[in-house]
Amino acid sequence: MPERSAHSGHHGVMPVIADAPGPDHPTAPPEPVDPARLYRDMAITRRIDTEAIALQRQGELGLWPSLLGQEAAQVGAAHALQPQDMVFPTYREHGVAWVRGIDPVELLGLFRGTTLGGWDPQQHRMNTYTLVIGAQLLHAVGYAMGIVRDGDVGTGEPGRDRAVLAFLGDGSISEGETNEAFVWAAAQDLPVVFLCQNNQWAISAPFSVQSRVPVARRADGFGFPGIRVDGNDVHAVLDATREALERARAGGGPTLVEALTYRRNPHTTSDDDGRYRSGAENDRWAARDPLALALDGMETGDGRAALLAEVEQECEQVAARLRAGCRALPEPDPAAPFDHTFAEITPELERQRAEHLAFVASLEVTP
Ligand SMILES: Cc1ncc(C[n+]2csc(CCOP(=O)(O)OP(=O)(O)O)c2C)c(N)n1
């Protein structure tokens, strides 16, 4: 498999938005990412998604938000990260979690109702999912302020300068929190990259009712660069996000990257998208499948056949682990939510906890 040469940026950038300026400080040329690695991560991400949908259908999960079609946007963006960077996801970033080294079994707990989190955010430098639209962007901005106060921006020391990558959906741009986060990031020149996966639907609300201009153009009004890329082209997303993160680490402030893509499955397994969109639209996007596009750019022949066989085997292993791991997820301790509310529990919470535990105990079936 030939190494793809390092991209200098702008590959697949869509011709809508003025380009962002280059990094304020020169940085070392980025390491090329092996296209085979990108394909593998996208294929495994898709398999995690498909398997989780099957688990939901079998009653093992209450709900699953599918990412079908958004693999390139997520895997491309995640590969732009340095280990020391921090990620703030929504609830659909399964591909980012995979690249960040999170065991996919840990993604399932939230949707099985056994945990409110699932993994250690510090260990993986990726916060847990949030279901509240836009909330994570204020957390991201707060975290970026912390990075500045720690002096970890613009030092030029590799491994020290850090940035935040915060994910949002197109529906999120209508939220107050999102706009507050943009204002604050701009006002303080914070090291944060906002990555909007514009999958064109906020459940049943089409993008046209959210905005009269493309997402990326909104950045202009806040005073930082906005870049729109083909979100189904993994290399385009990687290049744009890498450039934006490098600028952020170097002290060049925030960027909004819009990855234009499409969610080909319903919003979640509880949604019926046949009620609000056409199969023809879905077909048009299926023809621009991110995995197929990534393969198109690679060499054909024995190398490709070997890669596909290897990836397929790995997908099978991940899927088997997911099935077994899901059923083995531990039942939550009913006292846990009380234990994590305050550093010290209050008398009122103590009373509520006792009442709650007595109620849970009353539900237990005695032989
Ligand atoms: C503050 C808030 N308002 C409303 C909702 C209900 N809700 C859940 S998902 C969603 C649509 C989100 O769309 P988008 O931001 O485009 O993300 P996507 O699901 O398409 O990835 C809404 C309105 C919510 N979870 N939080």
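How do the residues of the shell around the ligand divide into nonpolar, polar and charged, and what is the count of each? In this predicted model, the shell is made up of seven nonpolar, five polar and three charged residues. The ligand is surrounded by 15 residues, and Tyr 91, Arg 92, Leu 131, Gly 171 and Asn 199 are the closest.

Contacts to the ligand involve both side-chain and backbone atoms of the protein. Arg 92, one of the closest residues, places a polar side-chain atom 2.7 Å from an oxygen atom of the ligand. Ile 133 has a backbone N or O atom 3.1 Å from a nitrogen atom of the ligand. For Ser 172, a backbone N or O atom lies 3.1 Å from an oxygen atom of the ligand. The ligand taken alone exposes 580 Å², of which the protein buries 70%.

The packing of two helices was also examined. Two packed helices are described by the angle between their axes and the distance between the axes. Helix α4 spans residues 104-112 and helix α12 spans residues 302-327. Their axes lie 9 Å apart, and the packing angle is about 40°. Angles under 35 degrees count as roughly parallel and those of 65 to 115 as roughly perpendicular; α4 and α12 are therefore oblique to each other. The crossing in which α4 passes α12 is right-handed.

Notes: Residues numbered from 1 in each chain as written. Predicted model: local features only at pLDDT ≥ 70, side-chain atom pairs only at ≥ 80, totals over all residues. Heavy atoms only, no water. Near = heavy atom within 4 Å. Polar contact = N/O pair within 3.5 Å; in protein donor to acceptor, adjacent residues only side chain to side chain. Areas by Shrake-Rupley, 256 points an atom, 1.4 Å probe, with all protein chains shown as cover. Nonpolar A, V, L, I, M, F, W, Y, C, P; charged D, E, K, R; others polar. Axes fitted to C-alpha atoms, helices over the stretch in contact; angles between N-to-C directions. Helix = DSSP H or I, 4+ residues; strand = E, 2+ residues; numbered from the N terminus. Parallel < 35°, antiparallel > 145°, perpendicular 65-115°, else oblique. Left-handed = near helix turned anticlockwise from the far one by under 90°.
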